[in-house]
Amino acid sequence: MTSASGPAAAWRPGAQGDDLLPSGPAGRPSAPSGNGHGPESGPPTVTIGSYPDYPAAQRVVDYLADNRFPVEHSAIVGTNLTLVETVLGRMTTGRAALLGAGTGAWFGLFIGLLFGIFTVGNWLAVIVVGLVIGAIWGAVFGAVAHAMTGGQRDFTSASSLRAGQYAVIVDAQLAEQARQLLGRLQMSGSSTNAS
């Protein structure tokens with residue numbers, strides 16, 4: 001019996017020869033269970049509508065829920081995802097220290113409150129000392145962390161995912177019921193627009 005070897009002998013799900021799996025940093029991997037196409041996805045689904053924004057898709061699911069449709073068999077799926085990183089401003093060592101001081105002050109306040117609860121003497125002083133020490137250490141850590149980046153990222157930003165389109169999907173066996181309910185929604189929407 002000959003065994004396949006070399007770069008052309010790739011591992012395939014369900015194929016014999018687990019010895020072809022390369023070992024990784026965590027040791028020898030095991031073959032995936034199932035057919036190798038990922039986790040089971042559940043019952044088949046049908047798209048009953050696509051909408052340009054999330055509130056429109058949410059209104060549809062809310063309407064279905066109001067009409068006693070089993071909405072636990074539906075989902076809103078965002079497609080054409082885009083990662084948007086909004087730049088909020090320039091980051092300097094001083095600003096990093098200031099932000100770190102704010103974060104450290106909150107942590108120091110929390111620790112001060114914990115110690116202040118069990119203090120017999122002046123509990124207010126314990127809280128203030130915790131707040132000040134937390135702010136100082138937060139400023140130091142914030143400034144050092146920013147200085148260690150070596151100017152590689154001198155701005156602050158916030159990341160968000162945005163979808164180009166939102167689809168409402170339901171289980172296939174409930175698709176006709178959902179379509180009938182949506183037909184009533186569109187008819188009532190067009191009659192209110194006409195009057």
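1. G104 is buried, at a relative accessible area of 11%. The model is a predicted one, and this glycine is a good place to start reading it. G104 sits in helix 2. Leaving aside neighbours within four places in sequence, G104 is in contact with G134, A135 and G138. Two of these partners, G134 and G138, are listed among the buried residues of helix 3. L131 also belongs to this region: G104 and L131 are 27 residues apart in sequence, yet their C-alpha atoms are 7.7 Å apart in space.

2. Helix 2 covers residues 93–117, 25 residues in total. From first C-alpha to last, helix 2 reaches 36 Å, close to the 36 Å expected at 1.5 Å a residue. Its buried residues are A96, A97, G100, A101, G104, A105, G108, G112 and G116. What covers them? Helix 3, residues 123–148, is included in that cover.

3. Helix 3 has 26 residues. Its span from first C-alpha to last is 37 Å, close to the 38 Å expected at 1.5 Å a residue. Buried here are I127, G130, G134, G138, G142, A143 and H146. The cover is reciprocal: helix 2 is included in what covers the buried residues of helix 3, and helix 3 in what covers those of helix 2. The contacts of G104 with G134 and G138 show this at residue level. After helix 3 comes G150, with a positive phi near 65°.

4. Now the sheet. Three strands form an open sheet, in the order 1-3-2, with antiparallel pairing. Strand 1 (45–51) and strand 2 (74–90) are the edge strands, each pairing on one side only. From one strand to the next, the twist averages 35°.

5. How many bridges join strand 1 to strand 3? There are 6, and the two strands run antiparallel. Two positions fix the register for the reader. T47 stands opposite I169 in strand 3. V46 has V170 of strand 3 as its bridge partner.

6. Strand 2 is joined to strand 3 by 15 bridges, again with the strands antiparallel. G78 offers a check on this side: its bridge partner in strand 3 is Y166. Y166 deserves a second look, as it also takes part in an aromatic pair.

7. The whole structure holds 2 aromatic pairs. One of them is Y54 with Y166: the ring centres are 5.7 Å apart and the planes stand at 70°, so the pair is edge-to-face. Y54 lies in helix 1 (residues 54–66) and Y166 in strand 3 (residues 155–171), so the pair ties together parts 112 residues apart in sequence. Are the two rings' residues buried or exposed? Y54 counts as partly exposed because its relative accessibility is 40%, between the cut-offs of 20% and 50%. Y166 counts as buried because its relative accessible area is 17%, under the 20% limit.

8. Next, the largest nonpolar core. This core has 18 residues. Those with the most contacts inside it are I48, Y51, L64, F69 and V168. Strand 1, helix 1, strand 3 and helix 4 (175–194) each supply at least two of its residues. Which element gives the most? Helix 1 does, with 6 residues. The grouping fits a general pattern: in soluble globular proteins, nonpolar side chains tend to be buried together.

9. I48 is worth tracing in the viewer. Leaving aside neighbours within four places in sequence, I48 is in contact with L64, V168, V170, A175, A178, R179 and L182. Two of these, L64 and V168, are also among the core residues with the most contacts. V170 appears again as the bridge partner of V46.

10. Last, L185. This leucine lies in helix 4. L185 counts as partly exposed because its relative accessibility is 29%. L185 and L64 are 121 residues apart in sequence, but 9.3 Å apart in space, C-alpha to C-alpha. L64 is one of the core residues with the most contacts, and is also in contact with I48.

How values were computed
Residues are numbered from 1 along each chain as its sequence is written. This is a predicted model: local features need pLDDT of at least 70, side-chain atom pairs count only at pLDDT 80 or more; totals for chains, interfaces and linings use all residues. Side-chain values use heavy atoms; hydrogens and water are left out. Helices (H or I, at least four residues) and strands (E, at least two) are DSSP runs, numbered from the N terminus. The expected span of a helix is 1.5 Å times one less than its number of residues. Buried means under 20% relative accessible area, exposed over 50%, partly exposed in between (1.4 Å probe, protein chains only). Contact means heavy atoms within 4.5 Å. Rings of Phe, Tyr and Trp (its six-membered ring) pair if their centres lie within 6.5 Å; planes under 30 degrees apart count as stacked, over 60 as edge-to-face and the rest as tilted. Two strands pair if DSSP finds at least two bridges between them. Axes are lines fitted to C-alpha atoms, for helices over the stretch in contact, and angles run from 0 to 180 degrees between N-to-C directions. A nonpolar core is a set of buried Ala, Val, Leu, Ile, Met, Phe, Trp, Tyr and Cys residues joined through side-chain atoms within 4.5 Å.
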